[in-house]
Amino acid sequence: MKRFSGLLSAVALAAGLALAAAPAMAQQQLPPMPKVKQSTPAAIAAAKEILTMKNVAVMYSGAVPGIIEKTKTGLLQQYLNYQKDLDEVAVIVAKQFAGGEKEIGDGMAQIYAAEFTEQELKDLVTFYKTPLGQKLLTAEPTAINGSLQYMQQWAQQFGVIVNGQFKAEMKKRGKDI
C-alpha cells in the first residue's frame, strides 16, 4: 500500500484540478480521449502486471466517488434548494459508475504498452520480481518523497538567499526594501 505514496501529493494536486473541472466539463462537450498506439494483448497484460506491482491503483482508487462528490457540490452551489434530491441522486450515480476506476487502470496499461515493447515489459516484470526490483518497488516512493521534500526545502532556503541579494543590490542603489 505504501508504494507510490510519495507521489500522492503530486497526483492529488493533478486529480484535484481534474475534479475541480468536472462540474464545468459536465456542461460542455467532452474533449476526445488521447489516442494510444494499439499493443498486443500480451504487452497490455505485462503492463497491467507492472502497474499492479507498483500499486498504482492507489493513485486513482477514489476517482469515481471524488468526481461524483465534486459534481454534486458544484450542482449544490447552483441549486441549493435541491440538496436532498442531489444527495439521493449522488447515491444512484455512484452505484451506476461503481468500479469505473478500472477504465483508468486499463488506459494506463495501454499507455505503458505503447511506450515499451512487449519484450521490454516482460523484462520489467521479471526485473520487478528480483530482490533488487522488489527493493525498488518498496524504496522508490520513499526516495521520491524525500527528494520532493528536499527540493521544497532547498527552494525555501534559496529564496531567502535570493531575497537577501535583492535587498543588498537595492541598498547599493540607496533604496532600502
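**Aromatic pairs and helix α8**

User: Is Tyr112 buried or exposed?
Analyst: Tyr112 counts as partly exposed because its relative accessibility is 23%. Buried means under 20% relative accessible area, exposed means over 50%, and partly exposed lies in between (1.4 Å probe, protein chains only). This is a predicted model, in which local features need pLDDT of at least 70, side-chain atom pairs count only at pLDDT 80 or more, and totals for chains, interfaces and linings use all residues. Residues are numbered from 1 along each chain as its sequence is written, and side-chain values use heavy atoms, with hydrogens and water left out.

User: And which class does Phe116 fall into?
Analyst: Phe116 is also partly exposed, because its relative accessibility is 32%.

User: How many aromatic pairs are there?
Analyst: There are four aromatic pairs. Rings of Phe, Tyr and Trp (its six-membered ring) pair if their centres lie within 6.5 Å; planes under 30 degrees apart count as stacked, over 60 as edge-to-face, and the rest as tilted.

User: Why is the pair of Tyr112 and Phe116 tilted?
Analyst: The planes of Tyr112 and Phe116 stand at 35°, with the ring centres 6.1 Å apart, so this pair is tilted.

User: What about Trp154 and Phe158?
Analyst: That pair is stacked, because the planes of Trp154 and Phe158 are at 10° and the centres 4.8 Å apart. Both residues lie in helix α8, four residues apart, which is about one turn of the helix. Helices are DSSP runs (H or I, at least four residues; strands are E, at least two), numbered from the N terminus. An α-helix has 3.6 residues a turn, so residues three or four places apart point the same way.

User: How far does α8 reach?
Analyst: Helix α8 covers residues 131-172, 42 residues in total, and spans 59 Å from its first C-alpha to its last. This is close to the expected 62 Å, the expected span being 1.5 Å times one less than the number of residues.

User: Where does α8 kink?
Analyst: A kink of about 40° lies at Ala139, shortly before the proline Pro141. The bend at a residue is the angle between axes fitted to the seven residues ending there and the seven starting there.

User: Which of its residues are buried?
Analyst: Gly133, Leu137 and Pro141 are buried in α8. The buried residues of α8 pack against α2 (41-53) and α7 (118-128).

User: Switching to Leu124, what is it in contact with?
Analyst: Leaving aside neighbours within four places in sequence, Leu124 is in contact (heavy atoms within 4.5 Å) with Ile50 and Phe116. Leu124 belongs to helix α7.
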